[in-house]
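Work through the exercises below with the sequence and the model side by side, and try each task before reading its solution.

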Amino acid sequence: MAENLPHQMLPRANHDELAGQQFVQAMKMHVSSKITVGNHKVYEHTARQAFEKKHGRPPNTRHEVRRLMEQQPYHQMWGSLMRLGQELMWDTVIESVDRQLEDLIARATPKHRLGSLDLDPTLHQPRYLAAVDQHGQPGSYYTDTCRDDVRAGAVLDRGASIYHFGAAGGAGMEGRGRTLVQFLWEKYPDLSPSAILDIGCSVGASTLPLARYFPDAEVHAIDTAAPLLRYAHGRAEALGVRVRYAQQNGENLNFEDESLDLVVSLVVLHETSTKALPKIMSECYRVLRPGGVVAHLEVPVRYADMPNLMEQVLRDWQTYYNDEPFWGRVCETDMVAALAQAGFAKVYEGYQKQTLDPRRDGEGFTTVPDSRPGRWYVATGTKA
Ligand SMILES: C[S@@+](CC[C@H](N)C(=O)[O-])C[C@H]1O[C@@H](n2cnc3c(N)ncnc32)[C@H](O)[C@@H]1O
């Protein structure tokens with residue numbers, strides 16, 4: 001089965017691997033579209049009534065609802081299927097990546113370089129990244145399994161196509177980045193940055209739209225994880241986009257004061273910590289020139305904006321069972337206050353409708369209507 005890949009770095013799947021990956025995708029889609037919804041019924045018709053009978057009041061926090069639901073066999077089955085789908089996803093992708101790892105490493109070392117790659121072997125992973133395998137990916141983002149390793153990046157890039165059901169902008173995964181560009185164009189129509197920094201760039205899926213849609217800017221992208229950065233560099237080169245990648249910690253950036261015009265992060269803050277989040281915001285402020293803009297795009301929904309406590313519990317599954325321990329906390333963090341605390345003015349938060357590419361992509365992952373709201377949360381501010 002031939003695959004029409006969106007870029008040359010993406011791991012290729014042979015017939016059996018593709019069949020396995022498509023099975024996992026279908027299974028995850030079935031769980032999220034058909035089984036998740038049953039949790040609401042179990043809560044309304046069984047769990048809540050039992051709680052009210054016992055306590056004389058309805059549950060009034062998401063934690064009470066979660067503890068209640070954790071006793072319900074339906075919810076236990078749902079959670080097990082969610083976790084199983086996640087583990088199967090990594091298993092099928094890892095097997096395929098390992099088969100072709102040598103070739104991927106060779107492809108990630110381009111002969112003609114547009115951009116650059118600056119690794120720092122002395123950089124220590126922050127504890128919030130080292131302590132868990134983020135979203136269950138074995139070895140997480142940063143583990144090197146061999147010299148010049150790109151394994152974590154290849155696994156993440158291929159796995160993400162399955163995870164998002166193609167709804168994050170097809171296998172190119174550019175939906176988040178394009179959404180942020182759209183937001184910036186609408187909110188700051190005069191913004192014309194000369195230097196951009198993407199903090200926590202991972203494999204660069206969101207960095208590339210920034211580089212494409214702000215073509216006059218020099219684009220920097222940092223992450224703490226070397227295997228992601230090596231892969232991201234090869235990926236950007238394969239796609240003909242110039243990006244300067246560097247291994248740095250967003251809490252302690254290696255950029256001069258007031259040297260950048262736009263600093264962004266996309267779905268990064270929810271993987272940090274209570275202590276790291278304000279440090280990252282302060283660093284963004286330090287490196288921005290006066291008039292510069294910061295924008296953090298985050299996981300789709302704030303708890304305060306969710307229609308009910310059960311919906312909060314379903315999202316909070318990530319915190320407790322998908323190795324994203326800061327997810328719940330970030331959904332209740334006052335980002336506006338955090339930005340203001342860091343010194344930013346004209347602080348704003350809101351939702352931006354996801355800018356999707358509706359094309360069917362080339363590898364059989366179809367863009368489908370997603371049960372999650374098609375919008376992202378964005379918090380932004382300017383340096384006066
Ligand atoms: C979910 S991924 C981000 C994906 C990427 N921004 C995108 O939109 O495709 C989170 C990334 O943030 C990185 N990260 C987390 N904390 C960081 C920090 N303090 N400094 C730099 N990178 C960090 C992780 O290594 C990981 O690659």
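**Exercise 1. Surroundings of the ligand**

Task: Sort the shell around the ligand by residue class, and find which residues come nearest.

Solution: By class, the shell consists of 13 nonpolar, seven polar and four charged residues, where Ala, Val, Leu, Ile, Met, Phe, Trp, Tyr, Cys and Pro count as nonpolar, Asp, Glu, Lys and Arg as charged, and the others, Gly among them, as polar. Before going on, note that this is a predicted model, in which local features need pLDDT of at least 70, side-chain atom pairs count only at pLDDT 80 or more, and totals for chains, interfaces and linings use all residues. Residues are numbered from 1 along each chain as its sequence is written. The next step is to look at distance: of the 24 residues around the ligand, those that come nearest are Gly200, Ser202, Ser206, Gly250 and Leu266, a residue being near a molecule if its C-beta atom, placed from the backbone, lies within 6 Å of it.

One of these residues, Ser202, deserves a further step. Ser202 sits in the loop between β2 and α9 (207-213), and its phi is positive, about 55°, although Ser202 is not a glycine. Ser202 is buried because 25 other C-beta atoms lie within 10 Å; the cut-offs are 20 or more such atoms for buried, 12 or fewer for exposed, and partly exposed in between, with C-beta atoms placed from the backbone.

**Exercise 2. The order of the sheet**

Task: Trace the open sheet from one edge strand to the other, and describe how its strands pair.

Solution: Start with the terms: helices (H or I, at least four residues) and strands (E, at least two) are DSSP runs, numbered from the N terminus, and two strands pair if DSSP finds at least two bridges between them. Eight strands then follow one another in the order β1-β4-β3-β2-β5-β6-β8-β7, with mixed pairing. At the edges are β1 (116-118) and β7 (345-353), each of which pairs on one side only. On average, neighbouring strands of this sheet are turned by 15° against each other, direction ignored, with axes taken as lines fitted to C-alpha atoms, for helices over the stretch in contact, and angles running from 0 to 180 degrees between N-to-C directions.

Next, take two pairs within the sheet. Strands β2 and β3 run parallel and are joined by five bridges, and Leu197 has His220 in β3 as its bridge partner. Strand β5 (residues 260-266) and strand β6 (residues 288-298) also run parallel, joined by six bridges; among the partners in β6 are Val294 for Val263 and His296 for Ser265.

**Exercise 3. Helices across the sheet and the core**

Task: Find which strands helices α10 and α11 lie across, and then which helix gives the largest share of the largest nonpolar core.

Solution: Helix α10 (residues 226-238) lies across β1, β3 (218-223) and β4 (244-247), and runs at about 170° to β4. Helix α11 (residues 276-287) lies across β2 (195-199), β5 and β6, at about 145° to β6.

A nonpolar core is a set of buried Ala, Val, Leu, Ile, Met, Phe, Trp, Tyr and Cys residues joined through C-beta atoms within 7 Å. The largest one has 85 residues, and those with the most contacts inside it are Leu180, Leu228, Ala232, Val263, Cys284 and Ala295. Its largest share, seven residues, comes from α11. Apart from this core lies another, of 12 residues, including Leu68, Val313, Leu314 and Trp317.

**Exercise 4. Cys284 and Glu258**

Task: Decide whether Cys284 and Glu258 are buried or partly exposed, and place each in the fold.

Solution: Cys284 belongs to helix α11 and counts as buried because it has 28 C-beta neighbours inside 10 Å. Leaving aside neighbours within four places in sequence, Cys284 is in contact (C-beta atoms, placed from the backbone, within 7 Å) with Val263, Val294 and Ala342. The C-alpha atoms of Cys284 and Glu258 are separated by 9.5 Å, the two residues being 26 residues apart along the chain. Glu258 lies in the loop between β4 and β5 and is partly exposed, since 14 other C-beta atoms lie within 10 Å. Its phi is near 50°, a positive value in a residue other than glycine.

Definitions and conventions
Contact = placed C-beta atoms within 7 Å.
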